[in-house]
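I opened a fresh page for this one and went through the model with a short list of things to look up. Here are my notes, in the order I took them.

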Amino acid sequence: MAGTIEAEKQTAAEAAVLHVVDGMVVGLGTGSTADFAIRKLGERVAAGLTIRGVPTSRRSEELARRLGIPLVTLQDVEQIDLTIDGADEIDPESLALIKGQGGALVREKLVAVASKQVIIVADSSKIVERLGGRHPVPVEVLRYGWHVPARRIRSLGGAPILRTDASGMPFVTDNDNYILDVAFGLIARPEQLSEALKSITGVVDHGLFIGIADRVLVATGDDIREYLSPDH
């Protein structure tokens, strides 16, 4: 099964890279599926494709540099032409997402909202009928006083757990913040929850991506299913 999932990730990611053309500024997502897209872009750059990449994390930056992809920062460009990224859960009707298991949700969201088009790539396990059933919602919070927003999150019905790394220490994001993984169960109103979380003092941002994805490419075996935003 693991081999099938990895093959689906690669199939979806490489299908998204076909949308990249010469001269584009491309947002480089973070995570195992986005890694496949970055590797394919590296192959195309080596073959003569001219692009500039905007990485969403140190992880994606390091991979892109190793592959010879020219990089710029978000501050260097007025707009990104296309961002390719993965997701942890996808509602195929609204294209609402949960993202952030890789810990890069804030930079991923910044790059996404600065993009003309956002393509999400995923294996078939990421499609859900309703968000929240399989993954918690990651919420990036300031390290200072993180327990204060955690209490507010509990008042919204969430069960926050401070994310830790392999050594058992608190996981620290590229922005030097902590992440609370918050179990809400099935989320009936993602838009309202998104607004409520963002309004909490101490919350930097969260992993509910609402109205951001333009196109989702999901691989099932060797087949690709395409979902378009209702506003597309």
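**Entry 1: the enclosed space.** I started on the inside of this predicted model. I looked up which elements line the largest cavity, and found that β3 (80–85), α4 and β6 (115–123) each give at least two residues to the lining. The volume of this largest cavity is about 40 Å³. I then asked how many cavities of 30 Å³ or more there are, and the count came to one.

I wrote down the lining in full: Thr83, Asp85, Leu97, Lys99, Glu108, Ala112, Val118, Ile120, Phe209 and Ile212. Sorted by class, the lining of the largest cavity has six nonpolar residues, one polar residue and three charged ones.

**Entry 2: a small sheet that shares residues with that lining.** Two names from the cavity list, Leu97 and Phe209, turned up again when I looked at strand pairing: leucine 97 stands opposite phenylalanine 209 in β11. The strands concerned are β5 (residues 97–98) and β11, which pair in the antiparallel sense over two bridges.

I followed the sheet outwards and found three strands in the order β4-β5-β11, an open arrangement with antiparallel pairing. Which strands stand at the edges? They are β4 (89–90) and β11 (208–209); each has a single partner strand, so one side of each is left without a neighbour in the sheet.

**Entry 3: the four-stranded sheet.** Next I traced another open sheet, with four strands in the order β8-β9-β7-β10 and antiparallel pairing. Its edges are β8 (159–162) and β10 (203–206), each with a single partner strand, so one side of each has no neighbour in the sheet. I noted a twist that averages 30 degrees from one strand to the next.

I checked one pairing in more detail. β8 and β9 (residues 178–183) are antiparallel and joined over four bridges. Leucine 162 has leucine 180 in β9 as its bridge partner.

I also looked for what lies across this sheet, and found helix α6 (residues 190–198) across β7 (137–141) and β10. Helix α6 runs at about 160 degrees to β10.

**Entry 4: a hairpin.** I moved on to β12 (residues 215–220) and β13 (residues 223–228), an antiparallel pair with six bridges. Arginine 215 stands opposite leucine 228 in β13. The hairpin has two residues between the strands, and glycine 221 takes a positive phi near 65 degrees there.

**Entry 5: the largest pocket.** Back to open spaces. The largest pocket has a volume of about 280 Å³. Of the 15 residues that line this pocket, I noted the closest to its centre: Val54, Pro55, Thr73, Leu74 and Arg107. The elements that give two or more residues to the lining are β2 (52–55), α3 (58–66) and α4 (105–113). Helix α4 was already in my notes for its part in the lining of the largest cavity.

Is the lining made up of nonpolar, polar or charged residues? I found seven nonpolar, four polar and four charged residues around the largest pocket.

**Entry 6: the second largest pocket.** This one holds about 220 Å³ of space. It is lined by 18 residues, and the closest to its centre are Thr30, Gly31, Ser32, Ala87 and Asp88. Which helix gives the largest share of the lining? I found helix α2 (residues 32–46), with three residues. By class, the lining of the second largest pocket has three nonpolar, nine polar and six charged residues.

**Entry 7: stepping back.** I finished with the whole protein, which has six helices and 13 strands. The C-alpha atoms fill a box of roughly 55 × 35 × 35 Å along the principal axes. I compared the radius of gyration with the rule for a compact globule: with 232 residues, the rule gives a value near 17 Å, and the protein has 17 Å, which agrees.

Technical notes
Residues are numbered from 1 along each chain as its sequence is written. This is a predicted model: local features need pLDDT of at least 70, side-chain atom pairs count only at pLDDT 80 or more; totals for chains, interfaces and linings use all residues. Side-chain values use heavy atoms; hydrogens and water are left out. On a 1 Å grid over the protein atoms alone, a cavity is a set of points where a 1.4 Å probe fits but cannot get out, and a pocket is an open set with protein on both sides within 12 Å along at least five of seven lines; lining residues have an atom within 4 Å of a point. Grid points are joined across faces, edges and corners, and a volume is the space filled by probe spheres set on the points. Ala, Val, Leu, Ile, Met, Phe, Trp, Tyr, Cys and Pro count as nonpolar, Asp, Glu, Lys and Arg as charged, and the others, Gly among them, as polar. Two strands pair if DSSP finds at least two bridges between them. Axes are lines fitted to C-alpha atoms, for helices over the stretch in contact, and angles run from 0 to 180 degrees between N-to-C directions. Contact means heavy atoms within 4.5 Å. The radius of gyration is taken over C-alpha atoms; the globule rule is 2.2 Å times the number of residues to the power 0.38.
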